[in-house]
Amino acid sequence: MTRANARELAIHLIYGRDFTGEEPETVVATRLNRDYYQKLSGENEVYSERPSRAQLSYIDRVVSGVANREDDLNEQIQKYAIGWDISRISRLARSIMQLAMYEILYLDDVPTGVAISEAVRIAKKYDGDDTGAFVNGILGAFARDKKTPETVKAEASE
């Protein structure tokens with residue numbers, strides 16, 4: 001399983017948790033249980049291979065991280081979704097953006113461009129090109145505002 005597949009699984013779990021309100025640890029344990037996971041393999045190709053230990057660690061970290069920072073992440077989405085009330089943004093698009101923002105803010109091993117491009121890819125896959133463009137616009141504005149002075153200097157010297 002690739003990091004892209006692990007990211008997609010994490011989106012499924014974050015999205016599902018939005019409906020159930022379950023604790024992140026419960027969502028991860030239940031949905032990644034071998035029997036339950038195997039049943040899902042016929043519904044979506046992302047479930048065809050089980051995550052490795054490293055991928056499970058990533059999934060657990062981001063699902064818990066998004067859950068613990070959900071209000072802050074939603075505030076960021078609202079800030080950059082100019083003209084949109086967050087309640088009008090689909091749960092799926094919101095889950096995708098929450099994960100990408102979490103990766104940008106808290107995971108040093110995920111480049112900002114990768115977080116955004118993967119979010120756009122997943123949005124297009126599950127919700128179409130319009131949602132992909134919407135997600136790209138919000139995350140792009142968010143990323144531009146999150147640049148540090150060091151990042152700006154590095155870009156200026158290129």
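Author: A polar contact here is a pair of N or O atoms within 3.5 Å, where one must be able to donate a hydrogen and the other to accept it. Keep in mind that this is a predicted model.

Reader: Okay, start with R17. Which backbone oxygen does the side chain of R17 reach?

Author: R17 sits in helix α1. Its contacts, leaving out residues up to four places away in sequence, are E22, E23, P24, V27, A67 and E70. Among these, the one whose backbone oxygen the R17 side chain reaches, at 2.9 Å, is E22.

Reader: Is R17 buried or exposed?

Author: The cut-off for buried is under 20% relative accessible area. R17 comes in at 16% relative accessibility, so R17 counts as buried.

Reader: And how far apart in space are R17 and A67?

Author: A67 is on the list of residues that R17 touches, and A67 is itself buried in α4. In sequence, R17 and A67 are 50 residues apart, but C-alpha to C-alpha the distance in space is 8.6 Å.

Reader: Where is there empty space? Which element gives the most to the lining of the largest cavity?

Author: Searching the whole structure turns up 2 cavities of 30 Å³ or more, and the largest holds about 80 Å³ of space. R17 and A67 both line it, along with I14, D18, V63, V66, E70, R91, R94, S95 and Q98. Two or more lining residues come from each of α1, α4 and α6. With 4 residues, the element that gives the most is α6.

Reader: Let's stay with α4. Why does its end-to-end distance agree with what a helix of 16 residues should span?

Author: Helix α4 covers residues 53-68, and at 1.5 Å a residue those 16 residues should span 22 Å. The expected span is 1.5 Å times one less than the number of residues. The end C-alpha atoms of α4 are 22 Å apart, so the two agree at 22 Å.

Reader: What covers the buried residues of α4?

Author: The buried residues of α4 are Q55, Y58, I59, V62, V63, S64, G65, V66 and A67. Their cover includes α1 (3-20), α2 (24-31), α5 (70-80) and α6 (91-106).

Reader: Which element gives the largest share of the largest nonpolar core?

Author: That core has 46 residues, and I59, I96, M97, V135 and L139 have the most contacts inside it. The elements giving it two or more residues are α1, α2, α3 (34-40), α4, α5, α6, α7 (112-127) and α8 (129-145). The largest share, 9 residues, comes from α6.

Reader: What does L139 touch?

Author: L139 is one of the residues with the most contacts inside the core. Setting aside residues up to four places away in sequence, L139 touches M97, A100, M101, I116 and A119.

Reader: I116 and A119 are on α7, right? Which elements cover the buried residues of α7?

Author: I116 and A119 are among the buried residues of α7, together with A115, E118, V120, I122 and A123. The span of α7 checks out too: its 16 residues should span 22 Å, and its end C-alpha atoms are 22 Å apart. What covers the buried residues of α7 includes α1, α6 and α8.

Reader: Which residue takes a positive phi just after α7?

Author: Look just past the end of α7 for a phi of about 95°. The residue there is G128.

Reader: Last one: with which side chain does the side chain of N44 make a polar contact?

Author: N44 is in the loop between α3 and α4, and at a relative accessible area of 13% N44 is buried. Beyond four places in sequence, N44 touches E8, H12, K125 and Y126. The polar contact, at 2.9 Å, is with the side chain of Y126.

Methods: Residues are numbered from 1 along each chain as its sequence is written. This is a predicted model: local features need pLDDT of at least 70, side-chain atom pairs count only at pLDDT 80 or more; totals for chains, interfaces and linings use all residues. Side-chain values use heavy atoms; hydrogens and water are left out. Buried means under 20% relative accessible area, exposed over 50%, partly exposed in between (1.4 Å probe, protein chains only). Contact means heavy atoms within 4.5 Å. A nonpolar core is a set of buried Ala, Val, Leu, Ile, Met, Phe, Trp, Tyr and Cys residues joined through side-chain atoms within 4.5 Å. On a 1 Å grid over the protein atoms alone, a cavity is a set of points where a 1.4 Å probe fits but cannot get out, and a pocket is an open set with protein on both sides within 12 Å along at least five of seven lines; lining residues have an atom within 4 Å of a point. Grid points are joined across faces, edges and corners, and a volume is the space filled by probe spheres set on the points.
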